[in-house]
Structures are given as C-alpha cells and as structure tokens.
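Student: I would be grateful for a close look at the part of this structure that surrounds the ligand. Please treat it as one connected account.

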Amino acid sequence: MTGRLIVLTGPSGVGKGTLLKALLERHPELYLSTSATTRLPRAGEVDGVHYYFYTRDRFEATIAAGALLEWAEFAGNYYGTPIEPVQAQIDQGNSVILEIELAGARQVAKIFPTAVRIFILPPDLVTLEARIRERGTDSAEAISCRLEQATVEIAAQNEFDYRIVNDDFEVALAELDRLVI
Ligand code: 5GP
C-alpha cells in the first residue's frame, strides 16, 4: 500500500498554514512534511517543528547530497523538502502533504506525476496584501517581494489539479477536506 502525495501551493498570506492546521486537527493521520529553509525563524517558530532552519552552506550541501525531493529560492531564501521522511511515510501507506511554492510544485509534478496538486487562491489581491501586512512579520522589502511573487503564482493557477478560494474559511476547509481524504 502506498500513500498519496498532496501538494498545497498558493501565494504567501493566502492562509495555507491556517487551513492546514485545521485540516490536521481533523485528520491526524495525515503527515505534513517539515521543510528546510534558510529564512530566519519568525517569532514563535521552532526548529524542527515549523521548519528546519539551515545556513546557506548547509542547505547547499543538502542539495548536493541529493537529499531534497524539491527545492526553490523564494524571496531571497532557499526552501526545500527533505526526501527521506516523505518517502518513508508514503511507503508506510500514509498520505503526505507538502506546503510549497510554485517552482517546487512544478518539480514534484515531474518526479511524482500522481501527486494531487491543489492551489489556494485569495478572494482578491487587495485582501492578500492586507493579510501579508497584518501578519507584521516581514520587512517592507520582503512584503513587496512576496506580493510580486503572488502575482506570478496566481497566474499559474491553471497548472494545478484543483483550486480553492480562501474567502470563507470554513467553506475552503471543507473543500480541502473533500480533496485530501
Ligand atoms: P514562508 O517564508 O512564508 O514560511 O514561506 C514562503 C514560501 O515558501 C511559501 O509559499 C511556502 O509555501 C514555500 N515553502 C515552504 N516550504 C517549502 C519547501 O520545502 N519547498 C518549496 N519549494 N517551497 C516551500
């Protein structure tokens, strides 16, 4: 028996993290992959829980070792999925969720053509910008970089198997629930 690989993508600030948290409360059997990144931890983020926080040197060595399923540079930092735990969970028959950006989602589509790829959309760009600013954790430069990237990602939404608009949270969560189970 092999588990399913589910990819969740969507612009920064769209609420992927909050949706996933609620989804995992409903379905503790799902395994959410913990990514590695060179971004600095935000307040409250714990190494090994939210991310594995790596130096650039360590991240590059991990790429060279072939230990990442996919990786990308986003807003000036590296992000990537350690392959080993994902493979182990899939082999055990558990479904795995990757919460990753567009370039990574494209790599996964090539390596794992059976992966289910879901794109989360904001109701509109004004709402997205407000959500990123309200989070209050990013510098002005990082915010504009993330907004620019959001436009690029939204333009690629049709590459995905499914799209969910995160306007009403409960409706979006119900749609996600239906797709992953
Ligand atoms: P944040 O810095 O807001 O936590 O994440 C920035 C972006 O990186 C988000 O779009 C998030 O989905 C993406 N991301 C997080 N982990 C990974 C990963 O392992 N690989 C890729 N390609 N993107 C990731």
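Tutor: The account below begins at the ligand and then moves outward to the strands. The model is predicted.

The space that the ligand takes up is the largest pocket. Around the ligand there are 16 residues, and those that come nearest are Arg39, Tyr51, Tyr79, Glu99 and Glu101. Sorted by class, this shell holds 7 charged, 5 nonpolar and 4 polar residues.

Several polar contacts may be examined one by one. In Tyr51, a polar side-chain atom lies 2.6 Å from an oxygen atom of the ligand. Tyr51 has already been named among the residues that come nearest. For Arg146, the distance between an N or O atom of the side chain and an oxygen atom of the ligand is 2.8 Å. For Arg42, the corresponding distance from a side-chain N or O atom to a ligand oxygen is 3.0 Å. As for the ligand's surface, the ligand on its own has 510 Å² of accessible area, and the protein covers 96% of that area.

Which elements give two or more residues to the shell around the ligand? They are strand E5, residues 68–74, and strand E6, residues 77–82. Both strands belong to an open sheet of 4 strands, whose order is E4-E3-E6-E5 and whose pairing is mixed. Within this sheet, E5 and strand E4 (52–53) are the edge strands, each of which pairs on one side only. Strand E6 pairs with strand E3, residues 36–37, in the antiparallel sense, and 2 bridges connect them. Across this pair, Thr37 stands opposite Tyr79 of E6. Tyr79 is therefore a useful residue to locate on the display: it lies in E6 and stands opposite Thr37, and it is also listed among the residues that come nearest to the ligand.

A second open sheet can be reached from Glu99, another of the residues that come nearest to the ligand. Strand E7 covers residues 96–99 and runs parallel to strand E1, residues 5–9, with 4 bridges joining the two. In this pair, Val7 stands opposite Leu98 of E7. The sheet as a whole has 5 strands in the order E2-E7-E1-E8-E9, with parallel pairing. Its edge strands, each pairing on one side only, are strand E2 (31–32) and strand E9 (162–165).

To retrace the path on the display, one may start in the largest pocket, where the ligand lies, pass to E5 and E6, which each give two or more residues to the shell, and finish at E7 beside E1.

Note on methods:
Residues are numbered from 1 along each chain as its sequence is written. This is a predicted model: local features need pLDDT of at least 70, side-chain atom pairs count only at pLDDT 80 or more; totals for chains, interfaces and linings use all residues. Side-chain values use heavy atoms; hydrogens and water are left out. A residue is near a molecule or strand if one of its heavy atoms lies within 4 Å of it. A polar contact is a pair of N or O atoms within 3.5 Å; within protein, one must be able to donate a hydrogen and the other to accept it, and residues adjacent in sequence count only if both atoms are side-chain atoms. Accessible areas come from the Shrake-Rupley method with a 1.4 Å probe; for residues, only the protein chains shown count as cover. On a 1 Å grid over the protein atoms alone, a cavity is a set of points where a 1.4 Å probe fits but cannot get out, and a pocket is an open set with protein on both sides within 12 Å along at least five of seven lines; lining residues have an atom within 4 Å of a point. A molecule sits in a cavity or pocket if more than half of its atoms lie within 2 Å of its grid points. Ala, Val, Leu, Ile, Met, Phe, Trp, Tyr, Cys and Pro count as nonpolar, Asp, Glu, Lys and Arg as charged, and the others, Gly among them, as polar. Two strands pair if DSSP finds at least two bridges between them.
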